[in-house]
Amino acid sequence: MLNLQAGDRIELFYEDAPATTIRATVGRLLTDREEGMGIEVKDYAACWIEISVDEPSDVDAKQVVLLGTDFQYWLNGRTVTLRKRQDWLVRSSGAPGAR
């Protein structure tokens with residue numbers, strides 16, 4: 001499980017179509033209660049993650065990713081691999097150690 005926070009930039013890959021990459025930004029992390037679910041869902045859901053898709057794709061701009069109690073991430077009923085993005089600005093000058 002990743003230690004996500006609001007504002008983190010992430011990438012999601014569908015397990016059944018790994019060539020499809022969805023880039024998004026984490027909006028909020030919600031509990032079952034905050035997501036409006038009853039207590040019976042606690043056996044299935046560990047966390048709800050609201051995301052905003054960064055680039056145009058075949059999914060709506062606002063999505064909710066489910067982190068299950070089995071530590072699997074789910075988007076629209078499909079398992080996804082989720083990872084934090086490492087966006088580094090590379091400059092030819094001004095970078096540490098560059099002259």
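This note sets out numbered points on a predicted model.

1. Strand order and pairing. The strands E1 and E2 are antiparallel partners, held in register by six bridges. The connection between E1 and E2 is a hairpin of two residues. Within this pair, Arg9 has Thr25 of E2 as its bridge partner. E1 also runs antiparallel to E6, and five bridges link E1 with E6. In that second pairing, Phe13 is set opposite Thr81 of E6. E1 therefore has pairing partners in both E2 and E6, and five of the six residues of E1 are buried, under 20% relative accessible area.

2. The pairing continued through E3 and E4. E2 and E3 are antiparallel and share six bridges. Leu29 is matched there with Ile49 in E3. E3 in turn pairs with E4, again in the antiparallel sense, over seven bridges. Ser52 faces Lys62 of E4 in this pairing. Read together, the pairings link E6 to E1, E1 to E2, E2 to E3 and E3 to E4.

3. The nonpolar core. The largest nonpolar core of the model contains 17 residues, and Ile10, Leu12, Ile49, Ile51, Val65, Tyr73 and Leu82 are those with the most contacts inside it. Two or more residues of this core come from each of the strands E1 (9–14), E2 (17–30), E3 (45–53), E4 (62–68), E5 (73–75) and E6 (78–84). E3 supplies the largest share, with four residues.

4. Ile51 within the core. Which residues does Ile51 contact once its neighbours within four places in sequence are left aside? The partners of Ile51 are Ile10, Leu12, Ala24, Thr25, Val26, Gly27, Ala61, Lys62, Gln63 and Val65. Of these, Ile10, Leu12 and Val65 are themselves listed with Ile51 among the residues that have the most contacts inside the core.

5. Asp8, a buried acidic residue. Asp8 belongs to the segment that precedes E1. Is Asp8 buried or exposed? Its relative accessible area is 18%, and Asp8 is therefore classed as buried, the limit being under 20%. A polar atom of the Asp8 side chain lies 2.8 Å from the backbone nitrogen of Gln5. With neighbours up to four places away excluded, Asp8 is in contact with Asn3, Ala24, Thr25, Val26 and Lys84. Three of these partners, Ala24, Thr25 and Val26, also appear among the contacts of Ile51.

6. Leu2 and the chain end. Leu2, like Asp8, is found in the segment before E1. Leu2 has a relative accessibility of 29% and so counts as partly exposed, a class that lies between 20% and 50%. Beyond residues up to four places away in sequence, Leu2 touches Tyr73, Leu82, Arg83 and Lys84. The C-alpha atoms of Leu2 and Lys84 are 8.0 Å apart, although 82 residues separate the two along the chain. Lys84 is thus in contact with Leu2 and also with Asp8.

7. Ala46 in E3. Ala46 lies in strand E3 and is partly exposed, with a relative accessibility of 44%. Outside its neighbours within four places in sequence, Ala46 makes contact with Leu67, Gly68 and Thr69. From C-alpha to C-alpha, Ala46 and Gln72 are 9.7 Å apart in space, and 26 residues apart in sequence.

8. Aromatic residues. The count of aromatic pairs is zero by the rule applied. A charged group does sit over one of the rings: the charged end of Arg78 is placed over Tyr14, 3.7 Å from the ring centre.

9. Backbone points to inspect. Most residues other than glycine have a negative phi. Phe71 has a positive phi, near 65°. Phe71 is located in the loop between E4 and E5. Its relative accessible area of 53% makes Phe71 an exposed residue, because the limit for that class is over 50%. Asn76 also has a positive phi, near 55°, and is located in the loop between E5 and E6. Neither Phe71 nor Asn76 is a glycine.

Terms used. Residues numbered from 1 in each chain as written. Predicted model: local features only at pLDDT ≥ 70, side-chain atom pairs only at ≥ 80, totals over all residues. Heavy atoms only, no water. Core = buried A, V, L, I, M, F, W, Y, C linked by side-chain atoms within 4.5 Å. Buried < 20%, exposed > 50% of the residue type's maximum accessible area, 1.4 Å probe, protein only. Contact = heavy atoms within 4.5 Å. Polar contact = N/O pair within 3.5 Å; in protein donor to acceptor, adjacent residues only side chain to side chain. Pairing = 2+ DSSP bridges. Phe/Tyr/Trp six-rings, centres within 6.5 Å; stacked < 30°, edge-to-face > 60°. Lys NZ or Arg CZ within 6 Å of the ring centre and 35° of its normal.
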